[in-house]
Amino acid sequence: MSIFKSHFTRPRILMRNPSACGISGVLNMDGELISGRKIKEIITVMTERENGLGAGFAVYGAFPKYKDDYCLQLILEDTPDSDPAKERVEEFLKEHVEISKDERVQVRQGIFREHPTIWRFFINPKDGQNPDDVIKDIAMYINDRIDGAFCLSCGKDMAVFKGNGWSHEIADFYEIEKLKGYMWSFHSRFPTNTPGWWGGAHPFSILGHAIIHNGEITSYGTNVNYLKELGYVCKLLTDTEVVAYLFDFLVRKSGYPKEIAYEIAAMALSPPYWREIERMPPEIRKWATAIRITHRKAMANGPFSVIITTDYPKPTMIGHSDRKKLRPLIAAVSEDEKTFYLSSELNAIHAVDDTRNFWQPDPGKAAIATIGGVIKKGTEKPFENISEKLG
Amino acid sequence: MSLQEVKKITIDAKPKGNNLHYKELNKQIRDALRDGHNWIVVENVSGQRYIGAGIKEKVTIEIFGDVGLDLGAFSEGLTIIVHGNSEYLLGNTLNEGELVVYGDSWDITGMGARGGRIFVMGNGGSRVGIHMKEFKDKKPAIIYGGKVKQYCGEYMAGGLILVLGLNFKDAVIDTKKPIGRDNIDPLKVKDIEGEIVQSDLGGGMHGGAIYIRGEVPDEYLGVYATKKGFTEEDKIIITPIVERFCELFNVPPELVWGKKFTKIVPVSHRPFGKQYVTTPI
Amino acid sequence: MLKTVPRFKVNIDYEKCIKCGRCSENCTYGAITFDREQDKPLVKNNANCVSCQRCVLFCPKEAINISQYPVTYAPHGTWMPYYIRAINEQAETGGVLLSGMGNDMSYPMVFDYLVWDACQVTNPAIDALREPVETRTYLGRKSKNLHISEIEGKFELEDLPPNVVLSTPIVIGHMSLGSISYNAITAMYRAVKEVGTLMGTGEGGLHRDHYQFRSNLIGEVASGRFGVNSEYLECAALEIKIGQGAKPGHGGQLPGEKVNKLISETRGIPLGTDALSPNPQHDIYSIEDLKTLIAALHEASEYKVPVGVKIAAVNNVAAIASGIVRAGADFITIDGFRGGTGAAPRVIRDNAGIPIELAVAAVDQHLTEEGIRHEVTILAGGTLRSSSDLIKIIALGADVGMIATAPLIALGCKVCQQCPTGKCSWGIATSDPILAQRVDIEYGARRVVNLLRAWTHDLEEVLGTMGIDAVESFVGNRDRLRYLGPNPKEAEILGVKHAGDRLKLGSCAS
């Protein structure tokens, strides 16, 4: 195995890799499909925010034919002294799931001198148990235990495409113009300490959630401990994965009511200061205090702006910056009010849509849009839009 | 002083549909300066950074489109007019000159500015005017027509910040055209409803003054910042800036003066003097 | 009697001395007396001097100094003076040597092998002076999840288990009235009330005068059960004392001569009787018995306050802590082997237990692996000498640091270790009401408040330099520590990477 190749799957002796990057997301709030051709224009405009060491995108609505199956999209790298990684993964999968279909992901040749194999399986758990939990555990098992295989994503009707390169290279490599989806997020990366590796690019994805992140999580050690308690294994050498798992825990695994789960998750990740909580009306204060105390180790500290895309419980895009507001984030809605955008910089949005309906969400507050419209602009008071639902 | 002859040139920042890299764009601007142009129009700007950075010549750069971060950073005497929006760090360490944005400009505007004036029609983000300073006759000023977010004027050491709380949303006459003075209907400029500043206003400030048009809740004051009565003297100080703002953005001055300003000043020039001790141990 | 040479020598410079007599008035140990005939203070007995520095600091003319007694022991790398003196003492008396304060042997200090991280480029440091860095901490049990139910279209949130709000993650550890004086304890109670944190009552009950501080007190329920009445159960939190870092496995005894009126009222025992704290709690012979006592206290206090358990850091501390959580404790207090005491057998104080740094790291990692760490609050103490030790113990996994010697030093203590004698010249470790007057309650409280606030400022500044704006994001964040000591095994147990190491260690950043 060449040294060069080792960056396809997780390197064994590298440290966690903070990065500062460009992020964007697009959601068609009517659920109509957006062509990858349009997305490429946005992706490639913020080149100043990347250094060619990683880029990627998530697309939702990509597999209408298999939309009820979990799409397990993998990076595979064969090591000479064992069975091909694909066979090892397949053998493992057959024990636990039904495979509806599997295929090699088409990639454009000639962009990278060397690249790993990208493969996808459409699968469903055999029976019993919570299928989401089974798939989550399968993805974590592959990343943790199966050498030469790395799970890019494992959600339904969605997939993550990413790798080591400039954003335009990754877009071309995965032939983005052939893809269509109603929701996209994309990321160009500027990792700082070590060379990136294919799995280390964003988005980070678990089940139907995909996270892209600009910044650094200074609470990483504390968050990892919390996730370990909750049964999540952090193995990807980057701080961003903790946000993905925390989000999965808070909106799905916790079983919180779907109507308020995003609010709880957003507040846990970036809670109001205590002094703000003290000033809240008593019924809201009670919730804010309880969330902050109970999920105190879920708080993501340090500079960040993140875009979270998820299909749970329905397709939703969330933009969120840290409460000290140390990373940029702009939100916008198209003039026809069909499309919701999030981006590090306004010019990326204006590259495809000259809408005048744009705003900066408040520090530490989430902007949330879903199929049907914008739920929160991120400029409201905490729980303002759901306060009537709280007892 | 004789009126300077206007020598205008137009640069396309997106020739043949491709965005110029900022390095190339700034080179073209500098070349134009060298050729004696004193009014440089840049069209189709899309997020290019550092435009006009470090330029000392007292010339005008007029920009159409959204500029990237660090517009006019370190410059000394430039006039920059943006018919569009600006990313963060507008006028970073500005020394002198006038930066005008007919749109929004978000975080960290005028960081460490040592002189000059920054006029933004719309809204700002966090840390507007952070660590501005003044020395003798060099007094920077930042004026936002709209509202700003937290940490406005954080550890400000001098200069002025004005936040006016005006809403231009319905005042743009032709939304298809770039926004400029002529495209603003003065009668449709309105007051923003609700709060126009956020928490930690003037946190740790130890010089200068912040003028907020309207009331400021006490809990928004940052550490060692305090409210002080707005006097006639204050009005005399801010009048030239307000008048210039009104001229640039076609706002009736009586609209601005129609609401009382709140003045925020430092409690002390050495706010954290007692926090540290130097006794040998 | 076979004599040994004194440890210290008191030197009075009679050229400077104005014969005011303050030194002799202040000396409680009988080292200096005032000679009426010669009309000047005299060094009566150097062997009695403990270097409490009282005379030095009260001499208005800087006429007194204390030096080590100028005699050279025959050099020997093994039979050092300490051992010779100890043998002499035991040979003469046949008794167990008692001492006060914490372990005074020079074991390596793990804290001194740790350094922490700071922001450079990839994340901005936070200016803690101007922007919020939050130190508020909640002491008590946390639910695994929020309990939300839907009632008539509205979401109802179940109340959280009881928690006490601390303005800073520092509490003052348990010291009882009797082991320290009325004035000393009152000064510290006032200080924690002003700062908004807690102090432990120790095992000696609560004097009526101190009921007003109950919302800032952790009421200790120790094996002696002194003063545990219904009023006492209304403290902000209750804590079952299993062990103390200075004397794990050992109880205590307040000798009858110290049980004066004040102490007898507070502890609820007759004047002049010995106040005995048995080694074990005789209603706890196993973990299920602990569960019973925790439940009894929950019940008796109507589930209004958190109930915790204090243990000494011993070999198996991680597994014990896990059992304590499962037995229903809301918080665990771990006292390291350097922790202080009013009196303990030297042989135990100086040898039993393990350092708090290793204990906390082991407990935090163990409870994390068991998935129960975030449900409890961990308090840890036993030599937090400075704010840097506090910061390190939090990163190693404690929610709250516990200090006791440090606030005593703030009140004047010079760590001369004479606490069991009751002669404390600073009026701290004594039950003598006259000596107690030497602690000015008002001024003492001010100094303790200053200390707590200064350490809190230090913590805020350091968190700021690490880009962390709330202390809960630093608890157990071993990723931000690095090890700089001689023993890689130690780093492994701590779960901390070696400085400069790019290799990842199991738990610090998987």
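Visitor: How many residues does the contact take from chain B and from chain A?
Guide: Happy to help, and keep in mind that this is a predicted model. Both chains give residues to the contact. The count is 16 residues from chain B and 14 residues from chain A.

Visitor: On the side of chain B that touches chain A, how many residues are nonpolar, polar and charged?
Guide: Let's sort that side of chain B by residue type. Six of its residues are charged and two are nonpolar. The polar ones number eight.

Visitor: Which domains does the assignment give for chain C, and what separates their centres?
Guide: The domain assignment of chain C gives domain 1 (8–95) and domain 2 (158–471). Taken over C-alpha atoms, the centres of these two domains of chain C are separated by 33 Å.

Visitor: How many residues of domain 1 of chain C are in contact with domain 2 of chain C?
Guide: On the side of domain 2 of chain C, seven residues take part. The residues from domain 1 of chain C divide into four nonpolar, four polar and one charged. Domain 1 of chain C therefore brings to this contact, where residues count if their C-beta atoms lie within 7 Å, a number of residues equal to nine.

Visitor: Why is α10(C) oblique to α13(C)?
Guide: Look at helix α10 (residues 387–396) of chain C and helix α13 (residues 441–465) of chain C, whose axes come within 9 Å. They cross at roughly 55°. An angle that is neither under 35 degrees, nor over 145, nor 65 to 115 counts as oblique, so α10(C) is to α13(C) oblique.

Visitor: Which residues of α10(C) make the contact with α13(C)?
Guide: From α13(C) come Trp455(C), Asp458(C), Leu459(C) and Val462(C). The residues of the contact divide into five nonpolar, one polar and one charged. From α10(C) come Ser387(C), Leu390(C) and Ile391(C).

How values were computed: Residues numbered from 1 in each chain as written. Chains lettered and ligands numbered in written order. Predicted model: local features only at pLDDT ≥ 70, side-chain atom pairs only at ≥ 80, totals over all residues. Axes fitted to C-alpha atoms, helices over the stretch in contact; angles between N-to-C directions. Helix = DSSP H or I, 4+ residues; strand = E, 2+ residues; numbered from the N terminus. Contact = placed C-beta atoms within 7 Å. Nonpolar A, V, L, I, M, F, W, Y, C, P; charged D, E, K, R; others polar. Domains from an automatic or database assignment.
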